[in-house]
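Biologist: I am new to this one, so could you walk me through some of the wording used for it?

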Amino acid sequence: MRLLRMLIGLLTPLALGWGSGGADALDGPQPATAVWDAGAIFRGATFAPDLALPDTAETVDQFTSPRMAMLKPAGSGPFPAIVLAHQCSGLNPAVAAWARAAVMHGYVVLLVDSLGPRNVKTVCFGPRNGVNFFRGARDALQAAEHLREQSYVDGKRVAFVGFSWGAMVGLLAASPHYVGALQFKSGFAAVASFYPGCFRITPKDRPPFDLVNPDISRPLLVLMGDADTETPASECIDRFGPLKESGVPLEWHLYPGATHCWDCQQLDGFSKIDVRGHHVDYHFRQDLTDDSRRRLFEFLDRVMPEPAMAGSGHQPFTATARP
């Protein structure tokens with residue numbers, strides 16, 4: 001009941017589920033939070049089958065191309081861990097570079113591929129073969145549970161890091177309502193989202209839902225560019241301000257002149273028209289990639305400190321509302 005009271009303006013869908021048809025996002029201000037009920041969220045997340053997650057950890061040297069993999073530093077741990085989620089076109093060299101950087105920084109990484117195993121090339125223009133935002137969030141939470149089963153992982157220090165589509169998945173995974181609806185008791189100790197969209201999603205023939213929910217209870221970092229026309233930062237900041245004032249553990253940084261996917265060297269100079277009809281340019285920025293890497297690991301190291309620093313009161317993230 002407490003959670004329902006927090007979700008002011010709750011919109012309960014009339015439909016029984018969410019098909020895998022196209023989805024649009026509405027431009028302009030959306031005053032009330034729209035969220036599906038737990039049963040509809042779970043049904044929407046289970047049109048596509050679960051992933052077969054890797055059981056064997058590899059070293060960075062073994063990881064020679066972008067693919068689903070579990071990577072770990074040398075030693076027995078226990079190490080903090082990251083579930084890493086890709087953009088809407090799937091795994092690519094930029095995400096693989098983030099995985100390598102995280103391992104070098106002392107993290108176990110589970111790099112998830114939500115598309116390839118389901119014969120999907122892209123979800124940039126809407127869900128395909130049952131792969132939607134809810135399915136992505138369930139993939140992420142299953143990956144977190146898989147990491148906690150590994151003897152070399154500190155189960156209290158499992159974070160999520162996502163990019164674009166994966167960043168929007170992260171916004172949902174930061175919500176205890178979605179964690180519980182997807183039938184998990186534990187979520188993430190922290191979430192980091194790189195250039196997410198914060199708009200309202202309107203699935204075909206189904207009620208809308210928002211990617212940003214007011215029940216975020218664990219630290220969330222969002223990094224954005226002010227020249228991003230695909231997922232404009234202003235749409236996020238308009239929603240983040242009131243949440244921050246209400247006590248939500250949310251922080252963000254806006255990079256002047258940064259476009260969408262500033263860390264994607266393979267897309268430097270690429271242009272397209274996106275799902276909302278916006279002209280989008282991509283420009284790789286090594287300086288911003290380096291700075292965002294610094295910000296990410298400073299954030300994770302701060303909010304997921306080593307056990308000796310954390311104290312005995314440190315508890316895993318559970319699917320309950322923030323007090």
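Modeller: Happy to! Contact means heavy atoms within 4.5 Å. This is a predicted model, and in it the buried residues of α2 pack against α4 (133–148) and α6 (176–181).

Biologist: Which residues of helix α2 are buried?

Modeller: Helix α2 spans residues 38–45, and its buried residues are A40, I41, G44 and A45.

Biologist: Why are they said to line one face of the helix?

Modeller: Looking down the axis of α2, you find its buried residues within an arc of 135°, so one face of the helix is what they line.

Biologist: Thanks! What makes α4 roughly perpendicular to α5?

Modeller: The two helices pack at an angle of about 75°, and their axes are 9 Å apart. Angles of 65 to 115 degrees count as roughly perpendicular, so α4 earns that description relative to α5.

Biologist: Which residues meet there?

Modeller: From α4 come F133, F134, G136, A137 and A140, while α5 (residues 165–173) brings W165, M168, V169 and L172. Sorted by class, this contact has eight nonpolar residues, one polar and no charged ones. Gly counts as polar, so G136 in α4 is the polar one.

Biologist: And how do you know that D139 is buried?

Modeller: Buried means under 20% relative accessible area. D139 has 2%, so D139 is buried. This residue is part of helix α4.

Biologist: What is D139 in contact with, leaving aside its neighbours within four places in sequence?

Modeller: D139 then has contacts with L51, V112, S114 and R118.

Conventions. Residues are numbered from 1 along each chain as its sequence is written. This is a predicted model: local features need pLDDT of at least 70, side-chain atom pairs count only at pLDDT 80 or more; totals for chains, interfaces and linings use all residues. Side-chain values use heavy atoms; hydrogens and water are left out. Buried means under 20% relative accessible area, exposed over 50%, partly exposed in between (1.4 Å probe, protein chains only). Helices (H or I, at least four residues) and strands (E, at least two) are DSSP runs, numbered from the N terminus. The arc is that of the directions from the helix axis to the C-beta atoms. Axes are lines fitted to C-alpha atoms, for helices over the stretch in contact, and angles run from 0 to 180 degrees between N-to-C directions. Angles under 35 degrees count as roughly parallel, over 145 as roughly antiparallel, 65 to 115 as roughly perpendicular and the rest as oblique.
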